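Before turning to individual residues, please look over the sequence and the fold as a whole. The report below moves from the interior to the surface.

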Amino acid sequence: MLVDSRRRVRGSLLAFTVLAGCTISLAAETTVPPPGLRENTPAVFAITGVRLVSAPGVVAEGATLVIREGVIVAVGPNVNVPKDARIFDMTGKTIYPGLIDACTEPPKEMPTPGGGTGMRGRGEGPGTPMSKGGANYWNSEIIPQTRADRTYVPDNELNKKLRGQGITARLLAPAKGIIKGTSAFVNTGDGDGTVAILKDKVALHAKVTISRGFGEGEGYPDSPMGAYTLFRQAFYDADWYRQAWEAYRKDNTLPRPEKNDALEVLQGFAGGTTPVVIDAGDEFYALRADRIGRELNLNVIVRGSGNEYRRLDLIRATGRPIIVPLNLPEAPKVKTPEEAMSVSLETLLHWDIAPENAGRLDKAGVRIAFTSDGLKDRGEFLGAVRKAVERGLSPDA
């Protein structure tokens with residue numbers, strides 16, 4: 001994914017990554033009063049003499065990039081440098097569009113609107129709402145009112161590692177629940193939320209299965225079928241909620257409908273353009289995500305598993321974009337006859353073919369984006385991309 005040339009960039013982040021470790025600090029507008037005299041930091045910069053990759057296959061030598069007030073205003077080989085610009089001569093360096101990590105989750109559970117984690121403890125029965133606060137849905141796995149932008153805490157160590165991989169922005173999504181909440185688009189600079197959050201409520205995130213380890217006795221849903229049904233029911237409830245309030249506003253002699261934050265948030269996704277990102281633990285869940293998206297008229301993006309190549313024709317037929325993970329399988333242990341006997345043919349085939357997944361999807365015409373989520377070390381991101389290129393993915397793609 002390429003960064004739009006007019007995208008606002010703040011803090012120490014440029015919308016372009018400058019190789020060889022060069023960074024430029026950009027002034028950002030702020031609502032925080034200064035402790036003394038307000039600084040008048042220059043806000044116009046010109047980076048000159050660079051090799052500039054502005055799009056796949058579009059390369060300009062000796063180019064200039066101009067940034068004014070945090071916005072890239074000019075890029076190319078024949079750009080006039082403004083008289084008020086601070087000039088940085090970077091001859092011999094390369095600038096390329098910053099990469100976007102298409103989906104990341106926080107390492108720890110984000111707070112939910114009800115004050116809990118969005119998961120019930122053992123002993124609480126089906127239909128138990130979240131413990132505290134708000135007008136919540138009857139089931140605590142449905143928490144679309146959770147917003148990543150309201151719970152965002154910068155992870156400077158992670159951001160540094162992502163910048164080292166050329167990633168200048170990432171989509172941050174809530175981690176827990178069947179319907180988890182909305183994501184935020186944040187940059188990978190070291191600033192706090194006042195400068196790092198570029199856009200809120202980017203997409204609704206969900207899954208149609210239960211969490212691993214979610215077992216019997218922990219309430220409904222306790223099976224993938226139940227999770228699928230609950231997801232579906234929540235959207236039908238949201239439509240009922242809309243109709244009930246419309247009827248009440250027309251005739252207030254009718255009983256006043258109850259207030260429900262979750263069902264209010266779910267308004268507008270059916271038939272709308274805002275994406276609904278559905279996790280798919282394997283290729284079959286990707287097909288289920290498409291099926292329920294068609295039933296409910298949702299703009300579904302599938303967060304894939306890396307197994308899509310196994311049902312490539314069916315995946316392509318859905319027309320859904322796929323967020324492709326890069327956590328490629330490790331080589332099976334087959335050094336001894338005993339180890340080899342315990343490795344299935346399916347495992348061997350997946351180890352061999354998984355690096356080709358992205359390339360096969362791209363060649364089939366499926367729109368893809370990469371995520372670093374699932375990697376043991378985010379610093380392995382580019383290495384995994386290179387592996388995918390070696391195994392058939394077009395370098396421009």
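Which residues of the largest nonpolar core touch the most other members? In this predicted model, that core has 53 residues, and those touching the most other members are I179, F231, F235, L266, I278, L298 and F370. Helix α4, spanning residues 224–250, contributes ten residues, the largest share of this core. Another core lies apart from it and is made up of ten residues, including A60, L65, I67 and I95.

The surroundings of I278 give a closer view of the interior. Leaving aside residues up to four places away in sequence, I278 touches A206, K207, V208, F231, A289, I292, V300, I301, V302 and R303.

The table gathers values for the protein chain as a whole.

| Property of the protein chain | Value |
|---|---|
| Residues counted as buried | 46% of 397 residues |
| Contacts joining residues at least 24 apart, among those between residues at least 6 apart in sequence | 65% |
| Exposed area | about 20400 Å² |
| Part of the exposed area supplied by carbon and sulfur atoms | 51% |

The protein chain contains eleven helices and 16 strands, and one of the helices, α9, covers residues 345–353 and includes L349. On the surface, L349 joins V334, L345, L348 and W351 in a nonpolar patch, whose members together have about 460 Å² of accessible area. Is L349 itself to be classed as exposed or partly exposed? L349 counts as partly exposed because its relative accessibility is 43%, and the class of partly exposed residues lies between under 20% for buried and over 50% for exposed.

Conventions
Residues numbered from 1 in each chain as written. Predicted model: local features only at pLDDT ≥ 70, side-chain atom pairs only at ≥ 80, totals over all residues. Heavy atoms only, no water. Patch = residues over 30% accessible without salt bridge, like charges linked within 9 Å, V, L, I, M, F, W, Y side chains within 5 Å. Areas by Shrake-Rupley, 256 points an atom, 1.4 Å probe, with all protein chains shown as cover. Salt bridge = Lys/Arg side-chain N within 4 Å of Asp/Glu carboxyl O. Helix = DSSP H or I, 4+ residues; strand = E, 2+ residues; numbered from the N terminus. Buried < 20%, exposed > 50% of the residue type's maximum accessible area, 1.4 Å probe, protein only. Core = buried A, V, L, I, M, F, W, Y, C linked by side-chain atoms within 4.5 Å. Contact = heavy atoms within 4.5 Å.
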